[in-house]
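Here is a friendly walk through one model, taken a region at a time. Keep the viewer open as you read.

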Amino acid sequence: MDRLLITGGRQLSGAVEISGAKNAALPLMASTILCKGETLLRNIPNLKDIKTMSEVLANMGAAITVEGSCLRINTDTLLNKEAPYELVKTMRASVLTLGPMVARFGCAKVSLPGGCAIGARPINLHLMGLEKMGAKITLSKGYVVAKAKRLKGATIFCDISTVTGTENLMMAAALAKGRTIIENAAREPEVEDLANALNKMGAKIAGIGSSVIEIEGVDELHPVDYAIIPDRIETGTFISIAGITGSNLLIKNCRYDHILAIVEKLRETGITITQEEDGLRVIGPPPGTLRPADVKTMPFPGFPTDMQAQFIALTSLAAGTSIVKETIFENRYMHVAELRRMGANIEIEDNIATVRGVEKLIGAPVMATDLRASASLVVAALAAEGETVIDRIYHLDRGYEKIEDKISNLGGNITRVKGGRA
Ligand code: EPZ
């Protein structure tokens, strides 16, 4: 398994380009199931999860070609209406093929995504919504089997706002007969990006970006040429890197309107963040002067759970105590034990982390446990004294494109060690 070697303590400088958003790319790739023809998706990041979703679609019969950051996906002949366990277990977002398959073919067989490091992450709301639209759902040998002659519009209330649940139901409703209303819909920019692409495909979706989404079903959709939004979590991760290393960075191709909660909170720690002509100018305070701040993770437009781990790494060096409350997932503090190995002083009680800032972090061998936990270890390692070795960085490769190149180009001392013991 690959490892990252990082020697911290350096001030970084220069500009970094943000890649396309993984969590916009995945539902958009699944949406190609809804119609025949060739879809062109642009600004697609080169990530493990994108390759996995491509395998899932190819396994159904799609023809996929990669041209740099463009994906050409032809879905004329999708003979196999199944997303198999061996693929779904490596990436739970494969469940996003369920809604589109039932909508286009009237049947689907998708492996139930297993548990995940950060929480149980059930898909009961995805299934409840499809049943409300008339699908017959059965569970057999770890698979969800869904059948419907033609889905019909329904009013669906999600008692928890679910990102991929909203995306699955929106895609299913796009081809249903009649009107669907999704109440308490997720408002994440990635949901909005999918809705905009669906409307370009000929769907009739209103209320985009709000918590009440209305979809007037149509009989068919057509393929599109669509460029996806930049990754707001990668943007927040690089702002955290500037903050913890006291660096002056220019962050290019990011969407300021997607990161308002992140900007507000990180400004509170003393990081200067201003919009310039060609990007976001981010200046970290001198080392030792970072201020503590309290945060609670919330659905968009609140502070995103996917930035919680990076925020804890940042505030582990603040001059004071920060209180972090994780409200979305039940087990999303696995980075804390690893940060403690580097000298961080963090207590966890229930879903609240008390982060008492320390003078310095010391490099150490640590292990990535999930995607954003691994990002937090990179943030911490860049400010730590000495060398940090981060193991199992396949977690990181799921969501960050060429991160060691981007950090090296900013002057960071980071190298990838290929292979090595399991
Ligand atoms: C999406 O996951 C993202 N993944 C996650 O990003 C992100 O952390 C999460 O949204 C929250 O923002 C993708 O978009 C591919 P949810 P998702 O359904 O859709 C509960 C990353 O780091 N829930 O919004 O799976 C669930 O357990 C990943 O890029 C149900 O109870 O998250 C959780 O507590 C990690 N029943 C809460 O809702 C359901 O049917 C929010 O989950 C669905 C969800």
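## Helix α5 and what follows

Let's start at glycine 134, which sits just after α5 and takes a positive phi of about 100°. Please keep in mind that this is a predicted model.

Helix α5 itself spans residues 124–132, and its buried residues are Leu125, His126, Leu127, Gly129 and Leu130. What do the buried residues of α5 pack against? Their partners are two helices, α4 (98–105) and α6 (163–174), together with the strands β8 (136–140), β9 (143–147) and β10 (155–157).

## Alanine 368 in its loop

Further along the chain, the loop that joins β22 (365–367) to α12 (371–381) holds alanine 368. Is alanine 368 buried or exposed? Its relative accessibility is 1%, so alanine 368 counts as buried.

Leaving aside residues up to four places away in sequence, alanine 368 touches Ser374, Leu377, Ile390, Asp391, Arg392 and His395. Arginine 187 is 181 residues from alanine 368 along the chain, and the C-alpha atoms of the two are separated by 29 Å.

## Cavities

How many cavities of 30 Å³ or more does the structure hold? There are 3, and the largest has a volume of about 40 Å³.

The lining of that largest cavity is made up of Ser19, Gly20, Lys22, Pro45, Leu47, Asp231, Glu234, Gly399, Tyr400 and Glu401. Sorted by class, these are 4 charged, 3 polar and 3 nonpolar residues. Both domain 1 (3–19 + 230–417) and domain 2 (22–218) give residues to this lining, so the largest cavity lies between the two domains.

Terms used. Residues are numbered from 1 along each chain as its sequence is written. This is a predicted model: local features need pLDDT of at least 70, side-chain atom pairs count only at pLDDT 80 or more; totals for chains, interfaces and linings use all residues. Side-chain values use heavy atoms; hydrogens and water are left out. Helices (H or I, at least four residues) and strands (E, at least two) are DSSP runs, numbered from the N terminus. Buried means under 20% relative accessible area, exposed over 50%, partly exposed in between (1.4 Å probe, protein chains only). Contact means heavy atoms within 4.5 Å. On a 1 Å grid over the protein atoms alone, a cavity is a set of points where a 1.4 Å probe fits but cannot get out, and a pocket is an open set with protein on both sides within 12 Å along at least five of seven lines; lining residues have an atom within 4 Å of a point. Grid points are joined across faces, edges and corners, and a volume is the space filled by probe spheres set on the points. Ala, Val, Leu, Ile, Met, Phe, Trp, Tyr, Cys and Pro count as nonpolar, Asp, Glu, Lys and Arg as charged, and the others, Gly among them, as polar. Domain bounds come from an automatic or database domain assignment.
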